[in-house]
Amino acid sequence: MSEAPKVVHLVDDDDSVRRSVGFMLKTSGFRVNAFASGADLLKELKSLDPGCILLDIRMPGMDGLQVQEALNEGGNALPVIIMTGHGDVPYLSGP
Amino acid sequence: MSRPTLVGESETLLRSILATVPDAMIVIDDHGRILSFSAAAEKMFGYSEGDVVGENVSMLMPSPDRERHDKYIRDYRETGERKIIGIGRVTTARHRDGYTFPIELAVGEAAMGDQRIFTGFIHDISERRQTELRLRDLQSELAHVGRLSEMASFASSLAHELNQPLTAIANYCEAARDLIPEGAHQNDALLREALVEAAKESVRAGQIVRRLREFVSHGESLRAPESVNRLVTEASALALVGSREHGIEVQLQLAPDLDDVPVDRIQIQQVLTNLIRNAVDAMIDSPERSLTIRTESGPDRMVTVTVEDTGTGIAESVAGQLFQPFITSKTTGMGVGLSISRTIIESHGGRIWFEPNEGAGTVFHFTLPIVGAGE
(Lines give C-alpha, C1' and ligand atoms only; values in the text may rest on other atoms or scores of the structure.)
Protein backbone atom coordinates (compact mmCIF):
# COMPACT_ATOMS: atom_id res chain seq x y z
CA MET A 1 0.00 0.00 0.00
CA SER A 2 1.50 3.32 -1.04
CA GLU A 3 1.71 6.34 1.22
CA ALA A 4 -1.06 9.01 0.88
CA PRO A 5 0.18 11.80 -1.43
CA LYS A 6 1.56 14.89 0.26
CA VAL A 7 -0.69 17.96 0.01
CA VAL A 8 0.18 21.38 -1.44
CA HIS A 9 -2.23 24.25 -0.71
CA LEU A 10 -1.69 26.47 -3.74
CA VAL A 11 -2.76 30.15 -3.86
CA ASP A 12 -2.51 32.09 -7.13
CA ASP A 13 -4.98 34.58 -8.56
CA ASP A 14 -4.11 33.84 -12.17
CA ASP A 15 -6.10 30.97 -13.58
CA SER A 16 -3.57 29.74 -16.15
CA VAL A 17 -0.64 29.92 -13.76
CA ARG A 18 -2.57 28.23 -10.96
CA ARG A 19 -3.68 25.38 -13.18
CA SER A 20 -0.26 24.84 -14.73
CA VAL A 21 1.50 24.86 -11.37
CA GLY A 22 -1.17 22.47 -10.10
CA PHE A 23 -0.59 20.19 -13.08
CA MET A 24 3.13 20.22 -12.45
CA LEU A 25 2.71 19.35 -8.80
CA LYS A 26 0.23 16.56 -9.55
CA THR A 27 2.58 14.98 -12.11
CA SER A 28 5.24 15.09 -9.41
CA GLY A 29 3.05 13.10 -7.04
CA PHE A 30 1.45 15.80 -4.87
CA ARG A 31 -2.20 16.32 -4.13
CA VAL A 32 -3.14 19.92 -4.95
CA ASN A 33 -5.69 22.00 -3.09
CA ALA A 34 -6.01 25.25 -5.12
CA PHE A 35 -7.29 28.68 -4.05
CA ALA A 36 -7.75 31.79 -6.20
CA SER A 37 -7.05 34.21 -3.35
CA GLY A 38 -5.49 34.47 0.07
CA ALA A 39 -8.92 35.18 1.55
CA ASP A 40 -10.25 31.86 0.21
CA LEU A 41 -7.36 30.01 1.84
CA LEU A 42 -7.74 31.83 5.17
CA LYS A 43 -11.45 30.88 5.34
CA GLU A 44 -10.45 27.22 5.42
CA LEU A 45 -7.34 27.62 7.52
CA LYS A 46 -8.72 25.58 10.43
CA SER A 47 -9.63 22.58 8.26
CA LEU A 48 -6.54 22.37 6.05
CA ASP A 49 -4.97 18.95 5.70
CA PRO A 50 -1.34 18.77 6.79
CA GLY A 51 0.93 19.80 3.94
CA CYS A 52 2.64 22.98 2.74
CA ILE A 53 1.27 26.31 1.56
CA LEU A 54 2.51 27.78 -1.72
CA LEU A 55 1.75 31.49 -2.21
CA ASP A 56 2.12 33.71 -5.26
CA ILE A 57 3.73 36.95 -4.08
CA ARG A 58 1.91 39.29 -6.47
CA MET A 59 -1.85 39.16 -6.18
CA PRO A 60 -4.54 41.85 -6.12
CA GLY A 61 -6.14 42.34 -2.73
CA MET A 62 -3.85 40.57 -0.28
CA ASP A 63 -0.43 39.84 -1.70
CA GLY A 64 1.61 36.79 -0.74
CA LEU A 65 3.41 38.51 2.14
CA GLN A 66 0.17 39.80 3.61
CA VAL A 67 -1.37 36.33 3.40
CA GLN A 68 1.69 34.94 5.16
CA GLU A 69 1.29 37.53 7.92
CA ALA A 70 -2.39 36.66 8.33
CA LEU A 71 -1.48 32.98 8.45
CA ASN A 72 0.99 33.61 11.25
CA GLU A 73 -1.57 35.63 13.18
CA GLY A 74 -4.15 32.88 12.65
CA GLY A 75 -1.82 30.35 14.27
CA ASN A 76 -0.88 28.47 11.12
CA ALA A 77 1.60 25.65 11.70
CA LEU A 78 2.10 24.58 8.08
CA PRO A 79 5.28 25.56 6.23
CA VAL A 80 4.82 28.44 3.76
CA ILE A 81 6.65 28.88 0.45
CA ILE A 82 6.34 32.15 -1.50
CA MET A 83 6.77 32.22 -5.26
CA THR A 84 8.49 35.32 -6.59
CA GLY A 85 9.72 36.34 -9.98
CA HIS A 86 6.55 36.37 -12.04
CA GLY A 87 7.82 34.95 -15.29
CA ASP A 88 11.35 36.27 -14.87
CA VAL A 89 12.42 32.76 -14.04
CA PRO A 90 10.33 29.60 -14.32
CA TYR A 91 7.97 29.42 -11.37
CA LEU A 92 9.06 25.98 -10.36
CA SER A 93 11.79 24.02 -11.95
CA GLY A 94 10.51 20.71 -10.66
CA PRO A 95 9.89 19.34 -7.20
CA MET B 1 33.96 106.27 -47.05
CA SER B 2 33.24 107.42 -43.51
CA ARG B 3 30.88 105.54 -41.20
CA PRO B 4 27.76 107.27 -39.97
CA THR B 5 28.17 108.22 -36.34
CA LEU B 6 25.67 107.99 -33.53
CA VAL B 7 27.42 110.27 -31.09
CA GLY B 8 25.04 112.91 -29.81
CA GLU B 9 22.16 111.23 -31.55
CA SER B 10 22.29 108.01 -29.61
CA GLU B 11 19.72 109.05 -27.06
CA THR B 12 17.25 110.19 -29.71
CA LEU B 13 17.82 106.95 -31.55
CA LEU B 14 17.34 104.92 -28.39
CA ARG B 15 14.08 106.69 -27.63
CA SER B 16 12.76 106.11 -31.11
CA ILE B 17 13.63 102.42 -30.87
CA LEU B 18 11.95 102.10 -27.51
CA ALA B 19 8.83 103.82 -28.78
CA THR B 20 8.45 101.29 -31.58
CA VAL B 21 9.56 97.98 -30.03
CA PRO B 22 6.39 95.92 -29.59
CA ASP B 23 7.55 94.47 -26.27
CA ALA B 24 6.93 96.48 -23.15
CA MET B 25 10.02 97.77 -21.38
CA ILE B 26 10.06 98.69 -17.71
CA VAL B 27 13.11 99.98 -15.85
CA ILE B 28 13.24 99.74 -12.06
CA ASP B 29 15.80 100.60 -9.42
CA ASP B 30 17.19 98.09 -6.94
CA HIS B 31 14.26 98.67 -4.59
CA GLY B 32 11.70 97.79 -7.24
CA ARG B 33 10.60 101.37 -7.92
CA ILE B 34 9.61 102.07 -11.50
CA LEU B 35 11.93 104.54 -13.27
CA SER B 36 10.66 104.24 -16.82
CA PHE B 37 7.59 102.73 -18.48
CA SER B 38 7.55 102.40 -22.27
CA ALA B 39 4.68 103.20 -24.64
CA ALA B 40 4.11 99.48 -25.24
CA ALA B 41 3.98 98.96 -21.46
CA GLU B 42 1.33 101.65 -21.17
CA LYS B 43 -0.76 99.83 -23.74
CA MET B 44 -0.16 96.40 -22.23
CA PHE B 45 -0.95 97.30 -18.60
CA GLY B 46 -3.44 100.15 -19.04
CA TYR B 47 -1.42 102.62 -16.92
CA SER B 48 0.27 105.76 -18.22
CA GLU B 49 3.92 106.32 -17.37
CA GLY B 50 2.93 109.17 -15.06
CA ASP B 51 0.67 106.80 -13.05
CA VAL B 52 3.41 104.35 -12.24
CA VAL B 53 6.80 106.07 -12.09
CA GLY B 54 8.00 105.92 -8.50
CA GLU B 55 5.56 103.10 -7.66
CA ASN B 56 6.61 99.56 -6.75
CA VAL B 57 6.72 97.34 -9.84
CA SER B 58 4.96 94.61 -7.86
CA MET B 59 1.69 96.43 -8.65
CA LEU B 60 1.93 94.88 -12.12
CA MET B 61 1.97 91.32 -10.74
CA PRO B 62 -0.71 89.01 -9.37
CA SER B 63 -0.28 87.17 -6.08
CA PRO B 64 1.94 85.60 -4.89
CA ASP B 65 4.65 87.50 -6.81
CA ARG B 66 2.99 90.77 -5.80
CA GLU B 67 3.76 90.22 -2.12
CA ARG B 68 7.09 88.55 -2.72
CA HIS B 69 8.77 90.73 -5.29
CA ASP B 70 10.50 92.95 -2.71
CA LYS B 71 11.98 89.82 -1.18
CA TYR B 72 13.12 88.54 -4.60
CA ILE B 73 15.08 91.77 -5.14
CA ARG B 74 16.41 91.76 -1.58
CA ASP B 75 17.55 88.13 -1.94
CA TYR B 76 19.32 89.01 -5.15
CA ARG B 77 21.02 92.04 -3.57
CA GLU B 78 22.22 89.89 -0.70
CA THR B 79 23.16 86.64 -2.46
CA GLY B 80 23.79 87.71 -6.07
CA GLU B 81 22.08 84.49 -7.06
CA ARG B 82 20.33 84.93 -10.40
CA LYS B 83 16.86 83.42 -10.56
CA ILE B 84 15.57 85.39 -13.53
CA ILE B 85 18.15 87.94 -14.64
CA GLY B 86 19.61 86.80 -17.93
CA ILE B 87 17.45 83.67 -17.80
CA GLY B 88 13.89 84.76 -18.53
CA ARG B 89 10.70 82.85 -17.98
CA VAL B 90 7.02 82.53 -18.73
CA THR B 91 4.94 84.04 -15.95
CA THR B 92 1.76 86.01 -15.32
CA ALA B 93 1.17 89.80 -15.26
CA ARG B 94 -1.74 91.87 -13.95
CA HIS B 95 -3.58 94.52 -15.94
CA ARG B 96 -4.89 97.74 -14.38
CA ASP B 97 -8.41 96.28 -14.71
CA GLY B 98 -7.43 93.35 -12.51
CA TYR B 99 -7.28 90.53 -15.05
CA THR B 100 -4.08 88.56 -15.50
CA PHE B 101 -2.35 87.53 -18.69
CA PRO B 102 0.55 85.25 -19.58
CA ILE B 103 3.85 86.91 -20.45
CA GLU B 104 7.37 86.08 -21.35
CA LEU B 105 9.68 88.12 -19.16
CA ALA B 106 13.37 88.81 -19.77
CA VAL B 107 15.32 90.87 -17.23
CA GLY B 108 18.67 92.57 -17.71
CA GLU B 109 20.83 94.38 -15.20
CA ALA B 110 22.96 97.51 -15.59
CA ALA B 111 24.84 99.97 -13.39
CA MET B 112 24.13 103.69 -13.61
CA GLY B 113 26.74 105.47 -11.55
CA ASP B 114 26.62 103.69 -8.22
CA GLN B 115 23.01 102.64 -8.71
CA ARG B 116 21.92 99.31 -10.02
CA ILE B 117 18.98 99.25 -12.42
CA PHE B 118 17.00 96.38 -13.86
CA THR B 119 15.30 96.41 -17.23
CA GLY B 120 12.40 94.08 -17.91
CA PHE B 121 11.27 93.23 -21.42
CA ILE B 122 7.76 91.87 -21.46
CA HIS B 123 6.14 90.01 -24.25
CA ASP B 124 2.40 89.43 -23.99
CA ILE B 125 1.83 85.83 -25.06
CA SER B 126 -1.91 85.94 -24.64
CA GLU B 127 -1.90 87.68 -27.99
CA ARG B 128 -3.67 85.06 -30.08
CA ARG B 129 -1.14 84.28 -32.77
CA GLN B 130 1.99 83.98 -30.64
CA THR B 131 0.13 82.08 -28.00
CA GLU B 132 -1.10 79.57 -30.47
CA LEU B 133 2.38 79.04 -31.84
CA ARG B 134 3.79 78.67 -28.38
CA LEU B 135 0.96 76.41 -27.27
CA ARG B 136 1.28 74.32 -30.40
CA ASP B 137 4.95 73.78 -29.61
CA LEU B 138 4.16 72.76 -26.09
CA GLN B 139 1.23 70.63 -27.14
CA SER B 140 3.14 68.74 -29.78
CA GLU B 141 5.86 68.13 -27.23
CA LEU B 142 3.20 66.96 -24.80
CA ALA B 143 1.46 64.83 -27.42
CA HIS B 144 4.74 63.11 -28.11
CA VAL B 145 5.25 62.40 -24.43
CA GLY B 146 1.61 61.33 -24.25
CA ARG B 147 2.10 58.74 -26.96
CA LEU B 148 5.20 57.48 -25.20
CA SER B 149 3.37 57.19 -21.89
CA GLU B 150 0.47 55.42 -23.56
CA MET B 151 2.91 53.05 -25.14
CA ALA B 152 4.55 52.52 -21.77
CA SER B 153 1.17 51.75 -20.17
CA PHE B 154 0.31 49.46 -23.05
CA ALA B 155 3.66 47.63 -22.98
CA SER B 156 3.41 47.33 -19.24
CA SER B 157 -0.01 45.70 -19.28
CA LEU B 158 0.95 43.58 -22.29
CA ALA B 159 4.00 42.30 -20.44
CA HIS B 160 1.92 41.52 -17.38
CA GLU B 161 -0.78 39.72 -19.37
CA LEU B 162 1.67 37.72 -21.48
CA ASN B 163 3.80 36.66 -18.56
CA GLN B 164 1.05 34.51 -17.11
CA PRO B 165 0.36 32.29 -20.14
CA LEU B 166 4.07 32.10 -20.92
CA THR B 167 4.74 30.90 -17.39
CA ALA B 168 1.96 28.36 -17.75
CA ILE B 169 3.41 27.06 -21.03
CA ALA B 170 6.82 26.61 -19.42
CA ASN B 171 5.26 24.77 -16.48
CA TYR B 172 3.26 22.38 -18.69
CA CYS B 173 6.29 21.62 -20.82
CA GLU B 174 8.45 20.82 -17.84
CA ALA B 175 5.77 18.72 -16.19
CA ALA B 176 5.18 16.81 -19.43
CA ARG B 177 8.93 16.26 -19.78
CA ASP B 178 9.03 14.67 -16.35
CA LEU B 179 6.22 12.29 -17.31
CA ILE B 180 8.26 10.70 -20.07
CA PRO B 181 9.90 7.52 -18.79
CA GLU B 182 13.67 7.58 -18.86
CA GLY B 183 15.42 5.85 -21.79
CA ALA B 184 12.61 3.47 -22.77
CA HIS B 185 12.44 4.42 -26.39
CA GLN B 186 14.65 6.46 -28.69
CA ASN B 187 11.77 8.84 -29.51
CA ASP B 188 11.29 9.52 -25.81
CA ALA B 189 14.65 11.25 -25.68
CA LEU B 190 13.65 13.42 -28.62
CA LEU B 191 10.31 14.19 -27.02
CA ARG B 192 12.03 15.25 -23.82
CA GLU B 193 14.40 17.45 -25.78
CA ALA B 194 11.48 19.12 -27.61
CA LEU B 195 9.71 19.90 -24.34
CA VAL B 196 12.86 21.22 -22.70
CA GLU B 197 13.46 23.55 -25.65
CA ALA B 198 9.81 24.66 -25.73
CA ALA B 199 9.99 25.57 -22.03
CA LYS B 200 13.21 27.54 -22.61
CA GLU B 201 11.70 29.45 -25.52
CA SER B 202 8.69 30.37 -23.45
CA VAL B 203 10.93 31.77 -20.73
CA ARG B 204 12.90 33.67 -23.35
CA ALA B 205 9.70 35.19 -24.76
CA GLY B 206 8.84 36.37 -21.24
CA GLN B 207 12.23 38.05 -20.92
CA ILE B 208 11.83 39.85 -24.25
CA VAL B 209 8.48 41.26 -23.20
CA ARG B 210 9.96 42.37 -19.89
CA ARG B 211 12.86 44.13 -21.57
CA LEU B 212 10.44 45.96 -23.86
CA ARG B 213 8.57 47.15 -20.83
CA GLU B 214 11.71 48.40 -19.10
CA PHE B 215 12.90 50.12 -22.25
CA VAL B 216 9.66 51.98 -22.83
CA SER B 217 9.09 52.99 -19.24
CA HIS B 218 12.59 54.25 -18.48
CA GLY B 219 14.21 54.89 -21.82
CA GLU B 220 12.85 58.33 -22.63
CA SER B 221 12.63 60.02 -19.29
CA LEU B 222 15.12 62.83 -18.67
CA ARG B 223 15.18 64.03 -15.08
CA ALA B 224 16.81 67.15 -13.75
CA PRO B 225 16.28 69.14 -10.55
CA GLU B 226 13.47 71.63 -11.13
CA SER B 227 11.62 74.16 -9.02
CA VAL B 228 8.06 72.90 -8.60
CA ASN B 229 6.81 76.48 -8.16
CA ARG B 230 8.30 77.44 -11.47
CA LEU B 231 6.72 74.43 -13.20
CA VAL B 232 3.37 75.40 -11.71
CA THR B 233 3.71 79.06 -12.74
CA GLU B 234 4.65 78.18 -16.30
CA ALA B 235 2.10 75.42 -16.77
CA SER B 236 -0.71 77.56 -15.37
CA ALA B 237 0.22 80.57 -17.51
CA LEU B 238 -0.02 78.38 -20.59
CA ALA B 239 -2.99 76.25 -19.58
CA LEU B 240 -5.04 79.26 -18.58
CA VAL B 241 -4.78 81.13 -21.87
CA GLY B 242 -8.33 82.04 -22.79
CA SER B 243 -9.76 81.22 -19.37
CA ARG B 244 -10.09 84.93 -18.65
CA GLU B 245 -13.00 84.90 -21.08
CA HIS B 246 -14.74 82.35 -18.88
CA GLY B 247 -14.37 84.58 -15.84
CA ILE B 248 -12.32 82.12 -13.83
CA GLU B 249 -10.60 83.48 -10.77
CA VAL B 250 -7.18 81.94 -10.36
CA GLN B 251 -5.12 81.81 -7.19
CA LEU B 252 -1.61 80.46 -6.90
CA GLN B 253 -0.54 79.63 -3.35
CA LEU B 254 3.09 78.67 -3.65
CA ALA B 255 5.08 77.62 -0.63
CA PRO B 256 8.38 79.50 -0.41
CA ASP B 257 11.67 77.65 -0.05
CA LEU B 258 10.56 74.42 -1.68
CA ASP B 259 13.47 72.17 -2.53
CA ASP B 260 14.12 71.37 -6.15
CA VAL B 261 12.65 68.06 -7.22
CA PRO B 262 14.23 65.69 -9.75
CA VAL B 263 11.64 65.46 -12.51
CA ASP B 264 11.10 65.19 -16.21
CA ARG B 265 9.96 68.80 -16.73
CA ILE B 266 7.80 68.13 -19.79
CA GLN B 267 6.05 65.18 -18.17
CA ILE B 268 5.20 67.08 -14.99
CA GLN B 269 3.99 70.06 -17.01
CA GLN B 270 1.81 67.67 -18.93
CA VAL B 271 0.24 66.45 -15.69
CA LEU B 272 -0.29 70.05 -14.49
CA THR B 273 -1.75 71.23 -17.80
CA ASN B 274 -4.04 68.25 -17.77
CA LEU B 275 -5.34 68.87 -14.27
CA ILE B 276 -5.75 72.62 -14.87
CA ARG B 277 -7.59 72.14 -18.18
CA ASN B 278 -9.89 69.56 -16.55
CA ALA B 279 -10.58 72.00 -13.72
CA VAL B 280 -11.41 74.82 -16.16
CA ASP B 281 -13.66 72.53 -18.23
CA ALA B 282 -15.50 71.43 -15.09
CA MET B 283 -16.28 75.04 -14.09
CA ILE B 284 -17.57 76.49 -17.34
CA ASP B 285 -21.21 76.20 -16.29
CA SER B 286 -20.72 76.72 -12.55
CA PRO B 287 -21.95 79.80 -10.69
CA GLU B 288 -18.67 80.06 -8.79
CA ARG B 289 -15.54 79.65 -10.88
CA SER B 290 -12.49 79.63 -8.69
CA LEU B 291 -9.30 77.71 -9.33
CA THR B 292 -6.63 77.34 -6.67
CA ILE B 293 -3.25 75.80 -7.33
CA ARG B 294 -1.14 75.15 -4.26
CA THR B 295 2.31 73.80 -3.55
CA GLU B 296 3.49 72.72 -0.13
CA SER B 297 6.18 70.55 1.34
CA GLY B 298 4.59 67.52 2.90
CA PRO B 299 5.94 64.96 5.35
CA ASP B 300 8.54 62.37 4.26
CA ARG B 301 10.49 64.72 2.00
CA MET B 302 7.62 65.05 -0.47
CA VAL B 303 6.27 68.08 -2.31
CA THR B 304 2.49 68.15 -2.70
CA VAL B 305 0.77 69.99 -5.54
CA THR B 306 -2.97 70.61 -5.30
CA VAL B 307 -5.35 71.73 -8.03
CA GLU B 308 -8.71 72.71 -6.62
CA ASP B 309 -11.82 73.70 -8.60
CA THR B 310 -15.40 74.68 -7.81
CA GLY B 311 -16.84 72.85 -10.80
CA THR B 312 -19.40 70.11 -11.28
CA GLY B 313 -17.45 67.50 -9.31
CA ILE B 314 -16.99 63.87 -10.28
CA ALA B 315 -19.95 61.55 -10.73
CA GLU B 316 -19.88 58.58 -8.39
CA SER B 317 -20.35 56.23 -11.33
CA VAL B 318 -16.93 57.10 -12.76
CA ALA B 319 -15.09 58.02 -9.57
CA GLY B 320 -13.84 54.48 -8.94
CA GLN B 321 -12.27 54.09 -12.35
CA LEU B 322 -11.20 57.66 -13.02
CA PHE B 323 -7.56 56.76 -13.54
CA GLN B 324 -8.34 53.87 -15.90
CA PRO B 325 -7.69 54.64 -19.58
CA PHE B 326 -10.62 55.38 -21.88
CA ILE B 327 -12.90 56.59 -19.09
CA THR B 328 -14.21 60.07 -19.84
CA SER B 329 -17.20 62.29 -19.22
CA LYS B 330 -16.20 64.57 -22.07
CA THR B 331 -17.43 64.45 -25.62
CA THR B 332 -13.95 65.02 -26.98
CA GLY B 333 -10.71 63.31 -26.11
CA MET B 334 -9.75 59.74 -25.44
CA GLY B 335 -10.04 59.74 -21.70
CA VAL B 336 -6.39 58.91 -21.23
CA GLY B 337 -5.26 62.16 -19.55
CA LEU B 338 -5.58 61.00 -15.97
CA SER B 339 -4.33 57.52 -16.75
CA ILE B 340 -1.20 59.02 -18.29
CA SER B 341 -0.89 61.48 -15.40
CA ARG B 342 -0.91 58.59 -12.99
CA THR B 343 1.70 56.67 -15.00
CA ILE B 344 3.91 59.78 -14.96
CA ILE B 345 3.50 60.57 -11.26
CA GLU B 346 4.02 56.97 -10.17
CA SER B 347 7.11 56.60 -12.34
CA HIS B 348 8.46 59.64 -10.45
CA GLY B 349 7.84 57.83 -7.16
CA GLY B 350 4.83 59.99 -6.27
CA ARG B 351 1.11 59.44 -5.79
CA ILE B 352 -1.96 61.09 -7.35
CA TRP B 353 -5.47 61.11 -5.90
CA PHE B 354 -8.59 63.24 -5.66
CA GLU B 355 -11.36 64.12 -3.24
CA PRO B 356 -14.55 66.15 -3.45
CA ASN B 357 -14.12 69.85 -2.72
CA GLU B 358 -16.08 71.18 0.24
CA GLY B 359 -19.16 72.79 -1.26
CA ALA B 360 -18.67 71.99 -4.92
CA GLY B 361 -16.00 70.73 -7.24
CA THR B 362 -12.98 68.50 -7.01
CA VAL B 363 -9.53 68.63 -5.45
CA PHE B 364 -6.67 66.77 -7.11
CA HIS B 365 -3.40 66.22 -5.29
CA PHE B 366 -0.14 64.72 -6.40
CA THR B 367 3.14 64.25 -4.60
CA LEU B 368 6.73 64.16 -5.81
CA PRO B 369 9.65 62.95 -3.75
CA ILE B 370 12.38 65.53 -3.18
CA VAL B 371 14.97 62.79 -3.52
CA GLY B 372 14.96 60.69 -6.70
CA ALA B 373 12.48 57.83 -7.02
CA GLY B 374 13.94 54.62 -5.65
CA GLU B 375 14.18 52.39 -8.66
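Start by selecting Asp29(B) and Arg33(B): these two form a salt bridge, with their closest N and O atoms 3.1 Å apart. As you look around, keep in mind that this is a predicted model. The two partners sit in unlike surroundings. Asp29(B) is buried, at a relative accessible area of 3%, whereas Arg33(B) is partly exposed, at 42%.

**More salt bridges**

Next, select Glu109(B) and Arg82(B). Their side chains meet in a salt bridge of 3.2 Å, N to O. Which parts of chain B does this pair tie together? Glu109(B) lies in strand β4 and Arg82(B) in the loop between α4 and β3, so the bridge links parts that are 27 residues apart in sequence. Colour both by accessibility and you will find Glu109(B) partly exposed at 28% and Arg82(B) partly exposed at 47%.

Now move to helix α6 of chain B, residues 186-218, and pick out Glu201(B) and Arg204(B), which are three residues apart, about one turn of the helix. Here is a handy rule for reading such pairs: an α-helix has 3.6 residues a turn, so residues three or four places apart point the same way. Glu201(B) and Arg204(B) form a salt bridge, with the closest N and O atoms 3.2 Å apart. Glu201(B) is partly exposed, at 41% relative accessibility, and Arg204(B) is partly exposed too, at 46%.

For a network, jump to chain A and select Asp15(A), Arg18(A) and Arg19(A), which are joined into one by salt bridges that share partners. How many salt bridges are there over all chains? A search of the whole structure finds 15.

**Chain A and a patch**

While you are on chain A, show it as a cartoon. You should be able to trace three helices and four strands, and along the sequence they follow the pattern β-α-β-α-β-α-β. Chain A has 95 residues, of which 38% count as buried.

Go to helix α1 of chain A, residues 15-27, and select Phe23(A). Is Phe23(A) buried or partly exposed? With a relative accessible area of 31%, Phe23(A) is partly exposed. Now add Tyr172(B) and Leu179(B) to your selection. Together with Phe23(A), they make a nonpolar surface patch of about 250 Å², so take a moment to view it with the surface switched on.

**Two cysteines**

Select Cys52(A) and then Cys173(B). Cys52(A) is buried, with a relative accessible area of 18%, and Cys173(B) is buried as well, at 10%. How many disulfides are there over all chains? The count comes to zero.

**The largest pocket**

Turn on a surface or cavity display for this stop. Rolling a probe the size of a water molecule over the atoms shows where empty space is left. The largest pocket holds about 1,400 Å³ of space. It is lined by 44 residues, and to find its centre you can select Asp65(B), Tyr72(B), Lys83(B), Ile84(B) and Arg89(B), the closest ones.

Which element gives the most to the lining of the largest pocket? That is α4(B), with nine residues. Other elements of chain B that each supply at least two lining residues include the strands β1 (24-29), β3 (89-94), β4 (100-112), β5 (115-124) and β6 (224-226), along with helix α7 (228-239).

**Backbone details**

Now show the backbone as sticks. Find the peptide bond from Ser63(B) to Pro64(B): this bond is cis, with omega near 5 degrees. Pro64(B) lies in the loop between α3 (49-52) and α4 (65-79) of chain B.

Then travel to the loop between β7 (249-254) and β8 (261-263) of chain B, where you will meet Asp257(B). Its phi is near 55 degrees, a positive value in a residue other than glycine. At 71% relative accessibility, Asp257(B) counts as exposed.

**Last stop: helix α10**

Finish by selecting helix α10 of chain B, residues 337-347. Which of its residues are buried? They are Gly337(B), Leu338(B), Ser339(B), Ile340(B), Ser341(B), Ile344(B) and Ile345(B). Just after α10(B), click on Gly349(B), which takes a positive phi of about 85 degrees.

How values were computed:
Residues are numbered from 1 along each chain as its sequence is written. Chains are lettered from A and ligands numbered from 1 in the order in which they are written. This is a predicted model: local features need pLDDT of at least 70, side-chain atom pairs count only at pLDDT 80 or more; totals for chains, interfaces and linings use all residues. Side-chain values use heavy atoms; hydrogens and water are left out. Buried means under 20% relative accessible area, exposed over 50%, partly exposed in between (1.4 Å probe, protein chains only). Patches are made of residues with over 30% relative accessible area and no salt bridge: like charges are joined within 9 Å, nonpolar side chains (Val, Leu, Ile, Met, Phe, Trp, Tyr) within 5 Å. Accessible areas come from the Shrake-Rupley method with a 1.4 Å probe; for residues, only the protein chains shown count as cover. A salt bridge is a side-chain nitrogen of Lys or Arg within 4 Å of a carboxyl oxygen of Asp or Glu. A disulfide is a pair of cysteine sulfur atoms within 2.5 Å. On a 1 Å grid over the protein atoms alone, a cavity is a set of points where a 1.4 Å probe fits but cannot get out, and a pocket is an open set with protein on both sides within 12 Å along at least five of seven lines; lining residues have an atom within 4 Å of a point. Grid points are joined across faces, edges and corners, and a volume is the space filled by probe spheres set on the points.
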